[in-house]
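Me: I am new to this structure and would like to get to know it step by step. Could you walk me through it with some questions and answers?

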Amino acid sequence: MRVTGVRPTLPPFVDWPAFPFEGDLRIKPLQEPVDAEPPRRGDRQEQCAACHTPDSAYLWSNERWRLKSPPAPSGLPVVVILEPRAHLDLGDLSTMHAAELGVLTVRLERAIRSLESVAQVHVNRWGDGTAHLQQWFLARPHGYLQLRGPFMTMWDEILPPVEEHEWQMNLEYIAAWLADD
């Protein structure tokens, strides 16, 4: 697909209540496509950070999966990342891993949504950053309707960080929920 010569207008979503910015906006020019995609971080297993991180850096783990959080609180009550222990991306999952991912996704969503401060949970996977599958779970705080939808990751970086004590309690709760098979 090549896009040439047309200067797009701002899309309708800039008027949505959830869009975190206002004022004069302009669209960046679309860069020319490259012939070869650059390698992702950890394309080779020996260079993969997730494969070389000890279980002690994770909130929870079992024989095939591990759950971590970013190193410090952000603007949302909970942000956690589920990874397979094996060096796999989404399309590489075996039928067993895929089934477990489905079950773990539902368990994590239930655990996070059961927190009093959480209204909904967004589940995301972006494939461009790292070759090791990371499925992200982002908790929308109860009552903050402006954070609904696809811009919640932006709001997470805009909002002041959640109190450290609350953040730690939320993470401990989620790890306990998963440990309770």
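Me: Let me begin with M154: what is its relative accessible area, and is M154 buried, partly exposed or exposed?

Reply: Happy to help, and please keep in mind that this is a predicted model. M154 lies in helix α2, which covers residues 152-158. Buried would need a value under 20% and exposed one over 50%. With a relative accessible area of 35%, M154 is partly exposed.

Me: Which residues form a nonpolar patch on the surface with M154?

Reply: The patch has about 400 Å² of accessible area together. M154, from helix α2, is one of its members. The others that form it are L10, F21, L25 and I158.

Me: Now to the aromatic rings: what kind of pair do F19 and F151 form?

Reply: The structure holds 8 aromatic pairs, and F19 with F151 is one of them. Their rings are 5.2 Å centre to centre, with 85 degrees between the planes. Planes over 60 degrees apart count as edge-to-face, so the pair of F19 and F151 is edge-to-face.

Me: How many residues apart in sequence are the parts that this pair ties together?

Reply: F19 lies in the segment before β1 (60-61), while F151 is in the loop between β5 (135-141) and α2. Both rings are in buried residues, F19 with a relative accessible area of 11% and F151 at 6%. Because of where the two residues lie, the pair ties together parts that are 132 residues apart.

Me: Which residues form one aromatic cluster with F19 and F151?

Reply: One name is already familiar, since F21 is also part of the nonpolar patch on the surface. Together with F19 and F151, the cluster is formed by F13, W16 and F21.

Me: What kind of aromatic pair do Y173 and W177 form?

Reply: Both residues lie in helix α3 (residues 164-179), 4 residues apart, about one turn of the helix. Y173 is partly exposed at 33%, and W177 is partly exposed at 31%. Their rings are 6.0 Å centre to centre with 55 degrees between the planes, and the pair is tilted.

Me: Let us turn to the strands. In which sense do β2 and β3 pair, and over how many bridges?

Reply: Strand β2 spans 65-68 and β3 spans 79-84. In this pairing, W65 has P84 in β3 as its bridge partner. The two strands pair in the antiparallel sense, over 4 bridges.

Me: How many residues does the hairpin between β1 and β2 pass through?

Reply: β1 and β2 run antiparallel and are joined by 2 bridges. S61 stands opposite R66 in β2. The hairpin that joins the two strands goes through 3 residues.

Me: Where does P71 lie, and is P71 buried or exposed?

Reply: P71 is found in the loop between β2 and β3. The C-alpha atoms of P71 and T95 are separated by 32 Å, with these positions 24 residues apart along the chain. Exposed means over 50% relative accessible area, so at 82% P71 counts as exposed.

Me: Which residue meets the side chain of E83 in a salt bridge?

Reply: E83 sits in strand β3, and its partner is in strand β2, 15 residues apart. E83 counts as buried at 0% relative accessibility, whereas the partner is partly exposed at 22%. The N to O distance is 3.1 Å, and the partner is K68.

Me: Which residues are linked in a network of salt bridges with R125?

Reply: R125 and D89 meet in a salt bridge of 2.7 Å, N to O. R125 lies in the loop between β4 (118-124) and β5 and D89 in the loop between β3 and α1, so the pair ties together parts 36 residues apart in sequence. R125 is partly exposed at 33%, while D89 is buried at 9%. The residues linked with R125 in the network are R40 and D89.

Me: To finish, which residues is H97 in contact with, leaving aside its neighbours within four places in sequence?

Reply: H97 has its place in helix α1 (residues 95-113). Buried means under 20% relative accessible area, so H97 counts as buried at 10%. Leaving aside those sequence neighbours, its contacts are R64, W65 and L88.

How values were computed. Residues numbered from 1 in each chain as written. Predicted model: local features only at pLDDT ≥ 70, side-chain atom pairs only at ≥ 80, totals over all residues. Heavy atoms only, no water. Buried < 20%, exposed > 50% of the residue type's maximum accessible area, 1.4 Å probe, protein only. Contact = heavy atoms within 4.5 Å. Patch = residues over 30% accessible without salt bridge, like charges linked within 9 Å, V, L, I, M, F, W, Y side chains within 5 Å. Areas by Shrake-Rupley, 256 points an atom, 1.4 Å probe, with all protein chains shown as cover. Salt bridge = Lys/Arg side-chain N within 4 Å of Asp/Glu carboxyl O. Phe/Tyr/Trp six-rings, centres within 6.5 Å; stacked < 30°, edge-to-face > 60°. Pairing = 2+ DSSP bridges.
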